[in-house]
Amino acid sequence: MSLVAPAAAEERFGHRRYAEASPEGLAAAGLYRSTGRVVQLRASAATAFQAMVAAAGAEGLSLIPISGFRPLVYQRGLFKRAVRRYGSERKAARWVAPPGHSEHHTGWTLDLGDGDRPATDIDTAFENTPVFAWLVKNAAAHGFELSFPRATPRGELRTLALALCGRRRRPGRLSPRLT
């Protein structure tokens with residue numbers, strides 16, 4: 001895996017622009033609960049995620065993917081619904097990245113959940129689960145880091161403080177703290 005740079009320095013409501021991954025480079029990371037919906041990532045990230053799921057499972061924990069790669073058209077629909085819910089693009093962007101500005105477009109990022117606690121899916125309550133505690137200690141060993149730590153403005157503003165980013169860190173670069 002390599003670091004994926006934003007497609008341009010352009011920002012929208014504090015969100016960087018990201019290029020959309022090619023569908024040919026994606027692979028199944030797992031299923032979202034019993035919905036049958038396949039969560040996809042870039043192939044190397046999907047492999048690393050599956051190894052992380054197995055490691056958590058060996059400790060009796062159920063780590064599940066909620067959302068991975070999102071094409072622009074899907075993100076556009078999410079953002080439109082958020083605008084209707086929150087009343088403006090600016091307010092919606094506190095919770096949902098505008099199309100073209102989500103790390104999910106890259107195929108390296110996914111939202112995670114505790115398989116035993118569905119009520120915590122895409123909710124800050126996930127931070128109080130055994131799975132989140134396990135991720136704090138073990139995610140970096142599998143090449144993942146928290147995309148939006150709470151200590152950053154973006155982490156404080158959105159429940160997507162739960163997203164883990166499967167980009168390999170450069171040697172010597174400190175990854176953000178997970179708490």
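Helix α2 gives the largest pocket the biggest share of its lining, namely six residues. The model we are looking at is a predicted one, and this pocket is a good place to start reading it. Its volume comes to about 630 Å³. Of the 24 residues that line the largest pocket, S67, R70, Y74, L78 and I122 are the closest to its centre. Besides α2 (72-86), the strands β4 (38-42) and β5 (63-67) each supply at least two residues of that lining. What classes of residue make up the lining of the largest pocket? The count is 14 nonpolar, six charged and four polar residues.

One of the residues closest to the pocket centre, R70, leads us to two other parts of the chain. The side chain of R70 is joined to that of D111 by a polar contact of 3.2 Å. D111 sits in strand β6. Is D111 buried or exposed? With a relative accessible area of 1%, D111 is buried, since the cut-off for that class is under 20%.

R70 is also in contact with S102. You will find S102 in the loop between α3 (89-92) and β6 (109-114). Although it belongs to a loop, S102 has a relative accessibility of 3% and therefore counts as buried. Its side chain reaches the backbone nitrogen of H104 at 3.1 Å. Once neighbours within four places in sequence are left aside, the contacts of S102 are R16, Y18, R70, Q75 and A97.

From D111 we can step across to I64, because I64 lists D111 among its contacts, where contact means heavy atoms within 4.5 Å. I64 lies in strand β5, one of the elements that contribute to the pocket lining. At 11% relative accessibility, I64 counts as buried. Leaving aside neighbours within four places in sequence, I64 touches Y32, R33, F49, D111, L112, G113, D114, G115 and D121. The contact partner F49 is 15 residues from I64 in sequence, and their C-alpha atoms are 9.7 Å apart in space.

F49 brings us to the aromatic rings. How many aromatic pairs does a search of the whole structure find? It finds three. In one of them, the rings of F49 and F144 have centres 6.5 Å apart and planes at 75°, so this pair is edge-to-face. F49 belongs to helix α1 (residues 43-58), while F144 is in the loop between α4 (130-138) and β7 (145-146), so the pair ties together parts that are 95 residues apart in sequence. Both F49 and F144 are buried.

F126 and F132 make another edge-to-face pair, with 5.5 Å from centre to centre and 80° between the planes. F126 is buried, with a relative accessible area of 0%. F132, at 8% relative accessibility, counts as buried too.

If you like to check backbone torsions, two residues deserve a look. F13 has a positive phi of about 55° although it is not a glycine. F13 is found in the loop between β1 (8-12) and β2 (15-17), and its relative accessible area of 28% makes it partly exposed. R33, which we met as a contact of I64, also has a positive phi, near 45°, and is a residue other than glycine. The place of R33 is the loop between β3 (26-31) and β4. At 25% relative accessibility, R33 counts as partly exposed.

Finally, let us step back to the chain as a whole. Which pattern of helices and strands does the protein chain follow along its sequence? Read in order, it goes β-β-β-β-α-β-α-α-β-α-β-α-β, with five helices and eight strands in the chain. Of the 179 residues in the protein chain, 43% are buried. Taking contacts between residues at least 6 apart in sequence, 65% of them join residues at least 24 apart. The ring pair of F49 and F144, with its 95 residues of sequence separation, gives you a concrete long-range link to look for in the model.

Note on methods: Residues are numbered from 1 along each chain as its sequence is written. This is a predicted model: local features need pLDDT of at least 70, side-chain atom pairs count only at pLDDT 80 or more; totals for chains, interfaces and linings use all residues. Side-chain values use heavy atoms; hydrogens and water are left out. Rings of Phe, Tyr and Trp (its six-membered ring) pair if their centres lie within 6.5 Å; planes under 30 degrees apart count as stacked, over 60 as edge-to-face and the rest as tilted. Helices (H or I, at least four residues) and strands (E, at least two) are DSSP runs, numbered from the N terminus. Buried means under 20% relative accessible area, exposed over 50%, partly exposed in between (1.4 Å probe, protein chains only). On a 1 Å grid over the protein atoms alone, a cavity is a set of points where a 1.4 Å probe fits but cannot get out, and a pocket is an open set with protein on both sides within 12 Å along at least five of seven lines; lining residues have an atom within 4 Å of a point. Grid points are joined across faces, edges and corners, and a volume is the space filled by probe spheres set on the points. Ala, Val, Leu, Ile, Met, Phe, Trp, Tyr, Cys and Pro count as nonpolar, Asp, Glu, Lys and Arg as charged, and the others, Gly among them, as polar. A polar contact is a pair of N or O atoms within 3.5 Å; within protein, one must be able to donate a hydrogen and the other to accept it, and residues adjacent in sequence count only if both atoms are side-chain atoms.
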